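Thanks for passing this one along. Here are my notes, set out point by point so you can follow them beside the model.

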Amino acid sequence: GEEKDEKDFIKFLINALGSVDETKVHLDCSQALGYLSDVDYKVLVDEYNVLGKQINSLINKIDKEHKRY
């Protein structure tokens, strides 16, 4: 039902957060190895930080709505 769908979606979003963190580690390595300039690195990390916050906010919103019922 709907509750299972929400739980599955939250699991998907948590997995997406893990992917955001993993990508940021790859960006750290890429910058350290000289594949990314400092400017490019900052732009990309900032974008991934925003994405992580958006995903986290969505998880919290769904979880809060779910607990209302």
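The points below go from the overall form to the core and then to single residues.

1. Please keep in mind that this is a predicted model. The protein has two helices and zero strands. Its radius of gyration is 16 Å, well over the 11 Å that the globule rule gives for 69 residues, so the protein is more spread out than a compact globule. In line with that, the C-alpha atoms fill a box of roughly 50 × 15 × 10 Å along the principal axes.

2. On the surface, the accessible area of the protein comes to about 5,500 Å². Carbon and sulfur atoms hold 56% of that area. Buried residues make up 16% of the 69 residues.

3. A word on charge: the protein carries 10 positive and 14 negative side chains. The centres of these two sets lie 8 Å apart.

4. How are the contacts spread along the sequence? Taking the contacts with a separation of 6 or more, 71% are between residues 24 or more positions apart.

5. Which residues make up the largest nonpolar core? There are six of them: Ile10, Leu13, Val20, Ile55, Ile59 and Ile62. Helices α1 (2–32) and α2 (38–68) each give two or more residues to this core.

6. Isoleucine 55 is a good place to look at the core in detail. This residue sits in helix α2. Is isoleucine 55 buried or exposed? With a relative accessible area of 11%, isoleucine 55 counts as buried, because the cut-off for buried is under 20%. Setting aside neighbours within four places in sequence, isoleucine 55 is in contact with Leu13, Ala16, Leu17 and Val20. The C-alpha atoms of isoleucine 55 and leucine 13 are 6.6 Å apart, although 42 residues separate the two in sequence.

7. Leucine 58 is also found in helix α2. Its relative accessible area is 33%, which makes leucine 58 partly exposed. Since a nonpolar core takes in buried residues, that value fits with the absence of leucine 58 from the six-residue list. Leucine 58 still has contacts beyond four places in sequence, with Phe9 and Leu13. From leucine 58 to glycine 18 the C-alpha distance is 15 Å, with their positions 40 residues apart in sequence.

8. Finally, isoleucine 62 belongs to the core. Which residues does isoleucine 62 contact, leaving aside its neighbours within four places in sequence? They are Phe9, Ile10 and Leu13.

Conventions: Residues numbered from 1 in each chain as written. Predicted model: local features only at pLDDT ≥ 70, side-chain atom pairs only at ≥ 80, totals over all residues. Heavy atoms only, no water. Helix = DSSP H or I, 4+ residues; strand = E, 2+ residues; numbered from the N terminus. Rg over C-alpha atoms; globule rule 2.2 N^0.38 Å. Buried < 20%, exposed > 50% of the residue type's maximum accessible area, 1.4 Å probe, protein only. Contact = heavy atoms within 4.5 Å. Areas by Shrake-Rupley, 256 points an atom, 1.4 Å probe, with all protein chains shown as cover. Lys, Arg positive; Asp, Glu negative; His and termini not counted. Charge placed at Lys NZ, Arg CZ, Asp CG, Glu CD. Core = buried A, V, L, I, M, F, W, Y, C linked by side-chain atoms within 4.5 Å.
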